[in-house]
Amino acid sequence: MNVFLWALLALLIACSNPFSNGDCVAVGVAGINATVTERATNQAPEASPTMTIVDGSYQELGTLLVGSNPPRLLGAIERPGNYRVVVQASGYRDFAQENVAVTRGGACNSIRSMHLSVQLDRIER
């Protein structure tokens, strides 16, 4: 019986983490997730897009998710804020959206991603 209690205690200690928040395991969540297409074709633009996000004096260049088609740009990793988002691609008009609010919430106080559908208009020459 004593061996059983020690084994049970060891199992409880091994399976519990006093610093854990239960199911709260999301790390490195993108606050802004933008999918970029060309408006006329609803396909990926011919040029690779870039995304700049600004919140006050904070400025960040988004990360292009490699292999995504249409392209996806990620930014504001684990950073709440009120952003101005600008997406650019050569040969296309700039896309800008103000007041993109990234917040924390829920039981885990995790980042709530804002998903943007960005449609770029080709510049006629």
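**A walk through the predicted model**

There are zero aromatic pairs in the structure. A ring does, however, have a charged partner: the charged end of Arg79 sits over the ring of Tyr58, at 3.7 Å from its centre.

Before going further, let us look at confidence, since this is a predicted model. The average pLDDT of the chain is 85, and 79% of the residues score at least 70. Residues 7-21 are a stretch to treat with care, with pLDDT below 50. Beyond near neighbours in sequence, that stretch has one contact in the model. Where pLDDT is low, the predicted coordinates should not be read in detail.

Now turn to the strands. S2 covers residues 50-55 and S3 covers residues 58-61; the two run antiparallel and are joined by four bridges. If you would like one pairing to find on screen, take Ile53, whose bridge partner in S3 is Glu60. How many residues lie between the strands in the hairpin of S2 and S3? There are two, and in this hairpin Gly56 takes a positive phi near 65°.

Stepping back along the chain from S2, you come to the loop between strand S1 (30-38) and S2, where Thr41 has its place. Is Thr41 buried or exposed? Neither label fits: Thr41 counts as partly exposed because its relative accessibility is 41%, and partly exposed covers the range between under 20% for buried and over 50% for exposed. Thr41 also makes a good landmark for looking across the sequence. Gln119 is 78 residues apart from Thr41 along the chain, yet their C-alpha atoms are separated by 9.7 Å.

Note on methods
Residues are numbered from 1 along each chain as its sequence is written. This is a predicted model: local features need pLDDT of at least 70, side-chain atom pairs count only at pLDDT 80 or more; totals for chains, interfaces and linings use all residues. Side-chain values use heavy atoms; hydrogens and water are left out. Two strands pair if DSSP finds at least two bridges between them. Rings of Phe, Tyr and Trp (its six-membered ring) pair if their centres lie within 6.5 Å; planes under 30 degrees apart count as stacked, over 60 as edge-to-face and the rest as tilted. A charge sits over a ring if NZ of Lys or CZ of Arg is within 6 Å of the ring centre and within 35 degrees of the ring normal. pLDDT is the predictor's confidence in each residue, from 0 to 100. Contact means heavy atoms within 4.5 Å. Buried means under 20% relative accessible area, exposed over 50%, partly exposed in between (1.4 Å probe, protein chains only).
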